[in-house]
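Work through the exercises below with the structure at hand, and try each task before reading its solution.

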Amino acid sequence: MTGTGTTRPGRTERGTLDKAAAENFPVAPFFLPRDWRVDLMAVYGFARLVDDIGDGDLAPGGADARLLGVPPAEAENRLVMLDAFEADLHRVFDTAGSGPRHPLLRRLQPTVRRRALTPEPFLGLIAANRQDQLVTRYETYDDLLAYCELSANPVGRLVLAVTGTSTPERIRHSDAICTALQIVEHLQDVAEDLCRDRIYLPAADMKRFHVQEADLATKIGGASVRALVAYEAQRARDLLNEGAPLVGSVHGRLRLLLAGFVAGGRAAIHAIAAAEYDVLPGPPKPGKLRLLREVGVTLRGKG
């Protein structure tokens with residue numbers, strides 16, 4: 001990829017980048033300046049790939065392992081793959097070396113240099129996925145927030161860095177929004193996460209609402225499960241409201257992008273509520289009209 005981002009993605013990149021369309025929030029919408037879109041997609045490619053490594057969702061055939069120099073016998077070992085990916089990330093920041101091996105990291109390198117990005121948020125995302133291999137339950141809400149500090153908040157910080165709008169207050173608001181979006185995603189994916197032997201509902205809250213792990217394995221959520229989901233959804237809603245002033249602190253097309261993030265979370269929470277907080281049959285998804293309505297509400301500073 002050249003510094004202008006004009007090179008077309010290869011098959012290995014395309015399979016990852018195409019997943020942007022399925023996200024709860026806009027990744028790099030058409031109305032943004034082209035250079036922002038190029039850089040935001042480069043950041044997204046990194047974040048999506050590290051999640052796919054951590055979730056075991058890489059494309060079959062072992063191409064990613066080969067690119068990262070991981071022997072075929074270790075290609076299914078997620079911790080080995082994450083270590084190799086982290087080593088390749090360091091090559092992005094090594095100006096004296098030959099550069100990274102993976103095409104998505106080669107795509108990221110000009111973005112890092114153009115926007116003077118630091119390694120910390122990228123390392124946080126890798127650490128979150130490493131934690132997913134070792135920690136499958138969270139005792140308290142504070143424990144979950146600490147996980148979101150690694151798994152979600154770096155994304156918002158990178159958006160602010162790419163757009164040159166980082167300030168301490170904006171970072172604080174961004175962290176609240178990103179944590180909320182992560183919690184909403186966990187609520188949508190309770191059944192899917194359980195299939196991976198992961199539960200992101202805090203154990204202390206499950207105990208408070210008399211929810212057992214077996215209750216999460218049913219096809220339809222009982223009253224206790226729904227009450228628990230409603231409780232966590234309200235927490236996410238409060239975090240979105242806490243972070244929403246970020247939208248009014250910026251102008252132009254960036255304001256519309258950030259409104260899309262907040263609106264995506266609010267619309268997803270509305271979809272969960274419309275399903276009467278029964279997330280076990282599958283993830284409740286908002287429609288486009290609801291999303292547009294929430295964008296309008298957010299841009300007006302309401303919600």
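**Exercise 1: a histidine and its surroundings**

Task: leaving aside neighbours within four places in sequence, find which residues His186 is in contact with, and decide whether His186 is buried or exposed.

Solution: With contact taken as heavy atoms within 4.5 Å, His186 touches Leu144, Tyr147, Asp193 and Tyr200 once its neighbours within four places in sequence are set aside. This is a predicted model, in which local features need pLDDT of at least 70, side-chain atom pairs count only at pLDDT 80 or more, and totals for chains, interfaces and linings use all residues. Residues are numbered from 1 along each chain as its sequence is written, and side-chain values use heavy atoms, with hydrogens and water left out. The next step is accessibility: His186 counts as buried because its relative accessibility is 8%, where buried means under 20% relative accessible area (1.4 Å probe, protein chains only).

**Exercise 2: the cavities**

Task: state how many cavities of 30 Å³ or more the whole structure holds, and which residues line the largest.

Solution: A cavity is a set of points on a 1 Å grid over the protein atoms alone where a 1.4 Å probe fits but cannot get out, and lining residues have an atom within 4 Å of a point. The search finds two cavities of 30 Å³ or more. The largest holds about 50 Å³ of space, and its lining consists of His186, Val190, Asp193, Leu194, Arg198, Ile199, Tyr200, Leu201 and Leu216. The second largest, of about 30 Å³, has a lining that includes His186, Tyr200 and Leu201.

Definitions and conventions. Buried < 20%, exposed > 50% of the residue type's maximum accessible area, 1.4 Å probe, protein only. 1 Å grid on protein atoms, 1.4 Å probe; cavity = no way out; pocket = protein on both sides within 12 Å on 5 of 7 lines; lining within 4 Å. Points joined across faces, edges and corners; volume = space filled by probe spheres on them.
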